[in-house]
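User: I'd like to go through this one with you and hear the reasoning behind each label. Shall we start with how far to trust it?

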Amino acid sequence: MMNVIILEDESRASNHLERLLQKVAPEMKVVAKLESVRDAVPFLKENTDIALVFSDVQLADGLSFEIFGQVQVRCPIVFTTAYDHYAIEAFKTNGIDYLLKPVEEERLKQAIEKVKMLSPVVSMETLLSITNTSNSKTFKSRFMVKIGDKIKSIPVEEILAFYSLEKATYIHTSDNRDYCIDYSVDQIELLLDPGLYFRINRKYIVSIQACTNILAWTNSRLRLKIEGINDEDIIVARERVQDFKEWLDR
């Protein structure tokens, strides 16, 4: 039996992960589900028989990286997150996998198989370097757009939404103007402050300022109405509704 702990401040997410583990890896036993850095540090100091850690990036009282700066954890760590940013890619290239919320069964299976092939020693230097990168990360503050033969700089504060249309990407501003930009929606998602912008589906990223008119929609989804955009597809995907609500309520 492998002892596993889950570091997660959302009970719904930790319970979901535990149920999936019981299904795909019955040899793993969840011995603790902890919500904070404060609780995790003493637990990990006292319990040295942990074989695997599943850790959210953002816990109730700070980033989970703070834990690994205080405790030498000698087991693989699989990070879980609602956001797919450069730091997360760093975990992956350093041999530590990540799971994007909501955790999917097939993706969990892949992570477990990967963990079984990893060295049991997690590099603290790697974690701390990622911590520093995460804490000092700056987000894009403006986008350059071309209007005829002129170039205009638009601050992100004026952008209500980013969206894709017919293989191009556009921004929609607070003065109801739309401009084409040379980025994909995937690229833009990595450049924005996740506290101010949320990707509601594959097509749209919206600003917190744009979320003033929200309607209940079919299949437990939500629909947004943004002034100046006549599109029926401004819909929060069902699997992102819970995270979207929590984002709005921060």
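User: What is the average pLDDT of the protein, and what share of the residues score at least 70?

Analyst: This is a predicted model, where local features need pLDDT of at least 70, side-chain atom pairs count only at pLDDT 80 or more, and totals for chains, interfaces and linings use all residues. Numbering starts from 1 along each chain as its sequence is written, and side-chain values use heavy atoms, with hydrogens and water left out. pLDDT is the predictor's confidence in each residue, from 0 to 100. The protein averages 83, and 86% of its residues score at least 70.

User: Which elements have the lowest and the highest mean pLDDT?

Analyst: Helix α4 (residues 86-93) is at the bottom with 44, and β2 is at the top with 95. Residues 119-128 also sit below 50, although that stretch has 20 contacts in the model beyond near neighbours in sequence. Where pLDDT is low, the predicted coordinates shouldn't be read in detail.

User: What makes something a helix or a strand here, and how many of each are there?

Analyst: Both are DSSP runs numbered from the N terminus: H or I over at least four residues for a helix, E over at least two for a strand. The protein has eight helices and 17 strands.

User: How do you know that phenylalanine 143 and tyrosine 183 are a pair, and what type is it?

Analyst: Rings of Phe, Tyr and Trp (its six-membered ring) pair if their centres lie within 6.5 Å; planes under 30 degrees apart are stacked, over 60 edge-to-face, and the rest tilted. By that rule there are eight aromatic pairs. For phenylalanine 143 and tyrosine 183, the centres are 5.5 Å apart and the planes are at 85°, so this pair is edge-to-face. Phenylalanine 143 belongs to strand β8 (142-147) and tyrosine 183 to the loop between β12 (178-181) and α7 (185-191), so the pair ties together parts 40 residues apart in sequence.

User: Are those two residues buried or exposed?

Analyst: Buried means under 20% relative accessible area, exposed over 50%, and partly exposed in between (1.4 Å probe, protein chains only). Phenylalanine 143 is at 0%, so buried it is. Tyrosine 183 has 30%, so it counts as partly exposed.

User: Why is the pair of tyrosine 163 and tyrosine 204 labelled as it is?

Analyst: Their centres are also given as 5.5 Å apart, but the planes meet at 25°, so this pair is stacked. Tyrosine 163 is in β10 (159-165) and tyrosine 204 in β14 (204-207), 41 residues apart, so to speak a link between distant parts of the chain. Tyrosine 163, at 9%, is buried, and so is tyrosine 204, at 0%.

User: What sits over the ring of phenylalanine 143?

Analyst: The charged end of lysine 140, 5.2 Å from the ring centre. The rule asks for NZ of Lys or CZ of Arg within 6 Å of the ring centre and within 35 degrees of the ring normal. Arginine 223 does this over the ring of tryptophan 217, at 4.9 Å.

User: What makes a nonpolar core, and which residues touch the most other members of the largest one?

Analyst: A nonpolar core is a set of buried Ala, Val, Leu, Ile, Met, Phe, Trp, Tyr and Cys residues joined through side-chain atoms within 4.5 Å. The largest core has 23 residues, and Ile5, Leu7, Leu44, Val53 and Ile67 touch the most other members. Elements giving two or more residues to this core are β1 (2-7), β2 (28-34), α2 (37-46), α3 (65-70) and β6 (77-81). The largest share, five residues, comes from α2. A second, separate core of 18 residues includes Leu224, Val241, Phe244 and Trp247.

User: What covers the buried residues of α2?

Analyst: The cover includes β1, β2, β4 (58-59), β5 (62-63) and α3. The buried residues of α2 are Val37, Ala40, Val41, Phe43 and Leu44.

User: Why is valine 236 called buried, and what is it in contact with?

Analyst: Valine 236 has a relative accessible area of 0%, so it's buried. Contact means heavy atoms within 4.5 Å. Leaving aside neighbours within four places in sequence, valine 236 is in contact with Ile200, Arg221, Leu222, Leu224, Val241 and Phe244. Valine 236 lies in strand β17 (235-236).

User: What is the phi of glutamate 166, and is that residue buried or exposed?

Analyst: Its phi is positive, about 50°, although glutamate 166 is not a glycine. Most residues other than glycine have a negative phi. At 75% relative accessibility, glutamate 166 counts as exposed. Lysine 167 also has a positive phi, near 70°, and at 92% it counts as exposed. Glutamate 166 lies in the loop between β10 and β11 (168-173), and lysine 167 is in the loop between β10 and β11 too.
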